[in-house]
Amino acid sequence: MPGVVIKGLTKRYGKVAAVERLDLQVKPGELVSLLGPSGCGKTTTLRLVAGFLKPEAGEIWVGDRCLSSPATVVPPERRQMAMIFQSYALWPHMTVAGNVVYGLRFKKGMTKAERERRVKDILGVVQLGGFESRYPGELSGGQQQRVAVARALVVEPEILLLDEPLSNLDANLREEMRFEIRRLHEAFGITTLYVTHDQGEAMVISDRIAVLHKGRVVQVGTAEELFQQPRTRFVAEFIGRTNLVDGVAVEPGVMARGTLRLRVASFGLKSGARVTVSIRPHEIELVLDHQARALAGGGENLLRGMVQRVSYLGDAVDYQVQVEGSDVILRVAAPPLLRFQPGEAVSLAVAPAACVPLTEGDT
Amino acid sequence: MNHEAPVARTLPSRLEGIDRSLPVWVMAALALALLILLPLGWLAYVSVSSESGATLAHYGRVFTDPHLQKALWNTVVLAFWVGLASLAIGAPMAWLSARTDLPGKRVIRGLMMASFVTPPFLGAFAWVMLAGPNAGVLNKLYRALTGAEDPLVNIFSMPGLIFVVALYTFPYVFIMIANTLELIASDLEEAASILGAGRLQVALTVTLPMVAPAILSGFILAVLQALALFGSPAILALPAGFHTITTQIWALFHYPPKVEMAAAFSIPLLLATALLLLLQKRLLGRRGYASVGGKGGQRRRIPLGVWRYPALLGCLAVLACSIFLPYGILAKAAFSRAWAQPMTWENFTLGNFWFTFFQYSSTQSAILNTIELGIMTACVGAGLAALLAYIANRKLILGHQLLTFLALAPVVIPGVVLAVGLFVAYTRPPLLLYGTLWILFVAYVTKEMPVGYSQSDATFRGIHPELEEAGRILGAGRLRILKEITAPLARSGIIATWCFIFIGVIRELSASIILFTPGTKVISVVIFDLKEEGQFGAIAVLGLFMLAMTFAIVVLMQTVLGRDFLGAKE
């Protein structure tokens, strides 16, 4: 079982670089998502890995084979990969069985009986037993999706590529298929690259997520790492909601903005350096005055503010709070137990560990 | 996971990267380049060459010769008025058919399609029988009714020629405008009404500006048709004693052939068409169609009220001139001893059929030649066009944009001009094709390439590239994908292309008339010969035979593919 190594990959369309000096490693058997907004180069990267595009610079290695470089591109059909497409790309003129068996026809020395057995098995795995002689046009969206999955898995590829495979499904089915794809990955253990713009999807499905921005990988990590330790403003904003506070470091572990002082989750700041801090809305606690007095002197950052807007969301209440003596407005996601009204003065408590300084600038 | 030993380890990696299908694409591209550039290159070369080196003398003679000047002017007059007349007929009919509750729309659309596929030279023949100054049926009727001496109309005249050409050109305008009108959602007009615009204001400020590009480009299309036409002017203008450019080029080929002059005379026609087409492209490109698109949007029918039946009558009157009357007189001529005499039992005969098919020496071989050429051209042309459109759509080789340009280029080459180029190119080594069917084959493939290409292009646009990529990543090479995935999906589109090309070939006259030799006549050329001999009965028989073949293909296409010849899906 080989992994994938991408080194310095660059692809330009005219003068615009869709992918620029992109590096990424996928370990054998790992599922890595390429996550980013449209136009970030994630689909281009996937198509480069598949061999549909030729890079201007860089290399793509699978195991000990260099499959793509500016000099040579091994054509897709000789890459031992499989791909699931956004449109599913089921051939409308072939039956379900015809679609699924297609890739097996290129496996030398496989008997017809063996091929039929494998098709039957894999259709069982995706819960489509008995659908062999149907045509794709006669299936629902979810069933078509499963045929596409079966067609890709049946060839036992070295690498599996998925290009936003769930984006054409309705919301409920999409949720269900996330778990289904994760289950299949755990069952088959195929090295997988998964392209999506949906962070929730990436978090459920992936072992690790590579966040792409302007053709580069800006951060790679598990869902938890990305959420709790974002390194750039882009990652902090793209994965979940957050408050960003710009300021200047005044001590190795403290940043300042006007009269506002925040103890942060780092002691590596250089005095005088500009710094942006990310604070997740649910990490901020709204507290009553007597609680605030009790907290004072502990490690927490304690701020005073005025509630500006309140939105009830059912499982949480979304507040916008203007911080006293500052232009900063923080969004706070609080449990609906304690309710504050617009115009009310409140105290806010934030643990220094929840104030994450973003250490890298965005390009 | 047990794979066989990966190919990579047994083959040098450089070999691994080579796309084995590349030679196929390159060959197709080269074939196209040869097809287009060879005749045009020779045409340009011959027009400026003489025994003593390069010269502009041929051009000098072309533009100073008063006869040729007159032909040039006649063509301009003809083309302009045909454009205007086509617009005057086609635009209102398009509006009626697309936006109102006109009764019998399906029938009108069907008849429109019939005039679209009717070879214009057959229409011209029919109108000779209908409105010739002496024996013309309409004129005789007029004289009998009024007792007048003079004929009502003389078809052998410039107005007569304009009238007949416009009858078979206005469907181009109709299609252009009707298709645009169909795309404009009623909301756009209603948005104007709700803001206070009256009906007329809506029409003038919203509808008309949106259709304007279609109207103008329909006009240009009609002008282009009239410019390139050979048959109708040959039939109607020559007896009236005047030439157009196309008939003049043809005349220059008469003994002794003045090929250089013909070439020099062809170039201005070529440039004029190219320019007009460019203009049309810019008109369509600037604004309009994309924004006209839009999804959904109801198209509400405008009630005509008391005008419903008068409007229908008007449409039928036009179609009577292009279909009912001509087809009627052709049928009458085919079945009577003397076509100008009343249709009585004594006048009835099947002799024309006997004469045409069994006694007239060149008919049988011409029919065989036509069918043979039709099938060959349709197969090779549809195949080549499909390959080229595929290459361009999937960007398979460098310079694929050039390929599109070349494939569409013959649109600007009038048949007569193309024929002159081919004549020059293939009457000398290494390719001595003149005198064989091959030169006609080459001419037809070239002439039909734009139609074939645009059809195929639309077909491949409709096939999502992911369908092919899905097969490739599973291990199938490009050629295998082409055969197993793309071809089956493109099947109906390719069959339609085949039909379009076949119909185009069997009616072709303007290139054939220059390239044929006694052994390589086709039906249209025989019809033209019969005209010289005054054999109207036989012309009618062959004309009907040709129409029957055409409509057989149209009906076949409609039933097999379930689509309208004019592009509408049922």
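In the predicted model, A:W61 stands opposite A:C66 in strand β5 of chain A. This pair belongs to the junction of β4(A) and β5(A), two strands that pair in the antiparallel sense over three bridges. The two strands form a hairpin with two residues between them, and in the turn A:G63 has a positive phi of about 60°.

The hairpin is part of an open sheet of four strands in chain A, in the order β2-β1-β4-β5 and with antiparallel pairing. Because β2 (16-26) and β5 (65-68) of chain A stand at the edges of this sheet, each with a single partner strand, one side of each is left without a neighbour in the sheet. Neighbouring strands here are turned by 30° against each other on average, when direction is ignored. Strand β1 (residues 4-13) of chain A is joined to β2(A), which runs antiparallel to it, by seven bridges, and within this pairing A:L9 stands opposite A:L22 in β2(A). Five bridges join β1(A) to strand β4 (residues 57-62) of chain A, again in the antiparallel sense, with A:I6 placed opposite A:I60 in β4(A).

A further open sheet of chain A contains five strands in the order β15-β19-β16-β17-β18, also with antiparallel pairing. Its edges are formed by β15 (284-287) and β18 (329-334) of chain A, each of which has a single partner strand, so that one side of each is left without a neighbour in the sheet. From one strand to the next, the twist averages 45°. Within this sheet, strand β16 (residues 301-312) of chain A and strand β19 (residues 345-350) of chain A run antiparallel and are joined by six bridges, and A:N301 stands opposite A:V350 in β19(A).

Taken as a whole, chain A has nine helices and 20 strands, and its C-alpha trace spans about 80 × 45 × 35 Å along its principal axes. Of the 363 residues in chain A, 42% are buried. Among the contacts in chain A between residues at least 6 apart in sequence, 63% join residues at least 24 apart.

The domain assignment of chain A gives domain 1 (4-235) and domain 2 (245-358), whose C-alpha centres lie 41 Å apart. Contact between these parts of the chain involves five residues of domain 1 of chain A and four residues of domain 2 of chain A. On the side of domain 1 of chain A that touches domain 2 of chain A, the residues divide into one nonpolar, two polar and two charged.

For chain B, the assignment gives domain 1 (63-338) and domain 2 (354-570), and 24 Å separate the centres of domain 1 of chain B and domain 2 of chain B, taken over C-alpha atoms. Here 31 residues of domain 1 of chain B are in contact with 29 residues of domain 2 of chain B. The side of domain 1 of chain B that touches domain 2 of chain B draws at least two residues from each of α6 (105-117), α7 (120-131), α11 (199-228), α12 (231-240), α13 (245-252), α14 (259-286) and α16 (308-335) of chain B. It is α14(B) that gives the most to this side of domain 1 of chain B, with nine residues. The residues of that side divide into 26 nonpolar, five polar and no charged.

The largest nonpolar core has 173 residues, and those with the most contacts inside it are B:V173, B:L388 and B:V420. Helix α9 (residues 158-183) of chain B supplies the largest share of this core, 16 residues. Since domain 1 (63-338) and domain 2 (354-570) of chain B both give residues to this core, it lies between them. When residues up to four places away in sequence are not counted, B:V173 touches B:S86, B:L87, B:G90, B:A91, B:G218, B:F219, B:L221 and B:A222. Apart from this core lies another, of 105 residues, which includes A:W91, A:V101, A:A150 and A:V321.

Terms used. Residues numbered from 1 in each chain as written. Chains lettered and ligands numbered in written order. Predicted model: local features only at pLDDT ≥ 70, side-chain atom pairs only at ≥ 80, totals over all residues. Buried ≥ 20, exposed ≤ 12 C-beta atoms within 10 Å, placed from the backbone. Contact = placed C-beta atoms within 7 Å. Domains from an automatic or database assignment. Nonpolar A, V, L, I, M, F, W, Y, C, P; charged D, E, K, R; others polar. Pairing = 2+ DSSP bridges. Axes fitted to C-alpha atoms, helices over the stretch in contact; angles between N-to-C directions. Core = buried A, V, L, I, M, F, W, Y, C linked by C-beta atoms within 7 Å.
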